[in-house]
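Welcome! Please take a moment with the sequence and the 3D view below, and then we can walk through them together.

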Amino acid sequence: MGARTNLDYRETLHSSVVEAAEAVVAGKLSAIEASRLLIGLAAELGAVNDADFRFFLTLDTETDHFPLGTTRERWSTAALRREDAERRRLEAVVRDAAIACARGLIEKYAGKPRPKRGRRRDDVR
């Protein structure tokens with residue numbers, strides 16, 4: 001992967017982190033749903049030890065039994081009702097911490113400056 005392509009990929013990852021974190025702050029994405037998105041991004045960025053990402057990694061580990069997305073299609077209505085009630089209760093407990101960590105991720109990844117590159121001979125001023 002070339003330097004430019006690698007930089008573009010990292011910028012895409014940063015944008016994805018910010019998008020998910022902003023959705024948490026705005027209440028458009030639950031902390032548990034965000035945790036499932038952010039764990040992959042943290043791994044791709046090599047940032048799994050970052051405190052804000054760690055919050056979401058821990059949350060994902062503690063809540064991976066909750067059915068989300070297409071998994072819900074295989075659950076009974078009664079089981080979904082029970083699990084959804086428990087998930088909502090837990091979401092309320094972690095909401096403030098999730099927002100704080102999401103804001104931390106936004107601070108770290110929004111508008112990250114590009115590394116300076118040397119000029120090429122064919123660059124025009």
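## Where H2 meets H4

In this predicted model, Ala31, Ile32, Glu33, Leu38 and Leu45 of helix H2 are in contact with Arg87, Leu90, Glu91, Val94, Ala98, Leu105 and Tyr109 of helix H4. Sorted by class, the residues of this contact are 9 nonpolar and 3 charged, with no polar ones.

To find the pair in the view, look for residues 31-45, which form H2. The axes of H2 and H4 are 10 Å apart and make an angle of about 35°. Their crossing is left-handed.

## The overall layout

Stepping back, the protein chain has 4 helices and 0 strands. Read from the N terminus, the order of elements is α-α-α-α.

The chain has 125 residues, and 38% of them count as buried. How much of the contact in this chain joins residues at least 24 apart? Taking contacts between residues at least 6 apart in sequence, the share is 69%.

## Where H3 meets H4

Helix H4 (residues 77-109) also packs with helix H3 (residues 51-63). Their axes come within 8 Å and cross at roughly 145°, and this crossing is left-handed.

From H3, the contact uses Asp52, Phe53, Phe55, Phe56, Leu59 and Thr63. From H4 come Leu90, Val94, Ala97, Ala98, Cys101, Ala102, Gly104, Leu105, Lys108 and Tyr109. By class, the contact of H3 with H4 has 12 nonpolar, 2 polar and 2 charged residues.

Gly104 is a nice residue to pick out here. Gly104 sits in H4, and its C-alpha atom is 6.4 Å from that of Asp52, although the two are 52 residues apart along the chain. Is Gly104 buried or exposed? Gly104 counts as buried because its relative accessible area is 13%, under the 20% cut-off.

## The nonpolar core

Next, look inside. The largest nonpolar core has 31 residues, and those touching the most other members are Val17, Leu38, Phe53, Phe56, Leu105 and Tyr109. Helix H1 (3-26), H2, H3 and H4 each give two or more residues to this core. Which helix gives the most? That is H4, with 9 residues.

Val17 is a good place to start exploring. Leaving aside residues up to four places away in sequence, Val17 touches Leu38, Leu41, Leu45, Phe53, Leu105 and Tyr109.

## A buried serine

Back in H2, try finding Ser35, which lies in that helix. Ser35 counts as buried because its relative accessibility is 0%. Which residues does Ser35 touch, not counting those up to four places away in sequence? They are Phe56, Leu59 and Asp60. One of these, Phe56, is also among the core residues that touch the most other members.

## How confident is the prediction?

Finally, a word on confidence. The average pLDDT of the protein chain is 89, and 86% of the residues score at least 70.

Residues 113-125 are another matter: the pLDDT there is below 50. In the model, this stretch has 6 contacts beyond near neighbours in sequence. Where pLDDT is low, predicted coordinates should not be read in detail.

Conventions
Residues numbered from 1 in each chain as written. Predicted model: local features only at pLDDT ≥ 70, side-chain atom pairs only at ≥ 80, totals over all residues. Heavy atoms only, no water. Axes fitted to C-alpha atoms, helices over the stretch in contact; angles between N-to-C directions. Left-handed = near helix turned anticlockwise from the far one by under 90°. Contact = heavy atoms within 4.5 Å. Nonpolar A, V, L, I, M, F, W, Y, C, P; charged D, E, K, R; others polar. pLDDT = per-residue confidence, 0-100. Buried < 20%, exposed > 50% of the residue type's maximum accessible area, 1.4 Å probe, protein only. Core = buried A, V, L, I, M, F, W, Y, C linked by side-chain atoms within 4.5 Å.
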